[in-house]
Amino acid sequence: LVFSVGTTSVFYYVTQPVVAAARSGVPVVEINPEETPVSDLADFRFVEPAGRTMQALLEAVNGGSSVT
């Protein structure tokens, strides 16, 4: 599982792991309110601000408990 979170994904060091994961069949999650160059590779895409989405994901994983 590879996450691309809150970046425009224009830098090679960001796009390369995402592209490699997608080509290898590894699920890709993108969290970004804007479409990016790797958006089409994402298996799961959250079109929301990263901070709010990451907090909701952490709470879901932690059974509703917020992480501070």
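S39 counts as buried in this predicted model, because its relative accessibility is 7% and the cut-off for burial is under 20%. The residue belongs to the loop that joins β2 (28-31) to β3 (44-46). Beyond the residues up to four places away in sequence, S39 touches E30, E34 and R45. With R45 there is also a polar contact between the two side chains, at 3.2 Å. Another spatial relation of S39 spans the chain: S9 lies 30 residues away in sequence, yet the two C-alpha atoms are 9.0 Å apart.

Two of the residues touched by S39, E30 and R45, lead directly into the sheet. E30 stands opposite R45 in β3, and β2 and β3 pair in the parallel sense over three bridges. On another strand, S4 stands opposite E30 in β2. A further such pair is formed by V2, which stands opposite V28 in β2. The pairing of β1 with β2 is likewise described as parallel, and it extends over four bridges.

Taken together, the three strands make an open sheet in the order β1-β2-β3, with parallel pairing. β1 and β3 occupy the edges and have a single partner strand each, so one side of each lacks a neighbour in the sheet. From one strand to the next, the twist averages 10°. In general, the strands of a sheet pair through backbone hydrogen bonds, and the pairing may be parallel or antiparallel.

The side chains of the strands can now be considered. Along β1 they alternate: V2 and S4 are buried and point to one face, whereas F3 and V5 point to the other face and are not buried. In β2, V28 and E30 point one way and V29 and I31 the other way, and all are buried.

S4 deserves a separate description. This residue lies in strand β1 (residues 2-5), and S4 counts as buried because its relative accessible area is 3%, with burial meaning under 20%. Leaving aside neighbours within four places in sequence, S4 is in contact with S9, V14, V18, V29, E30, I31 and V38. S9, one of these contacts, is also the residue whose C-alpha is 9.0 Å from that of S39.

The helices are arranged across the strands. Helix α1 (residues 12-23) lies across β1 and β2 and runs at about 145° to β1. Helix α2 lies across β1, β2 and β3, running at about 130° to β2. α2 comprises residues 50-61, 12 residues in number, and reaches 16 Å from its first C-alpha to its last, close to the 16 Å expected at 1.5 Å a residue. An α-helix has 3.6 residues a turn, so residues three or four places apart point the same way. After α2 comes G63, with a positive phi near 70°.

Within helix α2 lies T53. Its relative accessible area is 7%, so T53 is buried. Not counting residues up to four places away in sequence, T53 touches I31, F46 and E48. One of these, I31, belongs to the buried residues of β2 and is also in contact with S4.

The overall arrangement can be placed around these details. The secondary structure amounts to two helices and three strands, which follow the pattern β-α-β-β-α along the sequence. The C-alpha trace spans about 35 × 25 × 20 Å along its principal axes. Of the 68 residues of the protein, 26% count as buried, and S39, S4 and T53 are among the buried residues. Among the contacts with a separation of 6 or more, 35% are between residues 24 or more positions apart. The protein exposes about 4500 Å², of which carbon and sulfur atoms supply 58%.

Key. Residues numbered from 1 in each chain as written. Predicted model: local features only at pLDDT ≥ 70, side-chain atom pairs only at ≥ 80, totals over all residues. Heavy atoms only, no water. Expected span 1.5 Å × (residues − 1). Buried < 20%, exposed > 50% of the residue type's maximum accessible area, 1.4 Å probe, protein only. Contact = heavy atoms within 4.5 Å. Areas by Shrake-Rupley, 256 points an atom, 1.4 Å probe, with all protein chains shown as cover. Polar contact = N/O pair within 3.5 Å; in protein donor to acceptor, adjacent residues only side chain to side chain. Pairing = 2+ DSSP bridges. Axes fitted to C-alpha atoms, helices over the stretch in contact; angles between N-to-C directions.
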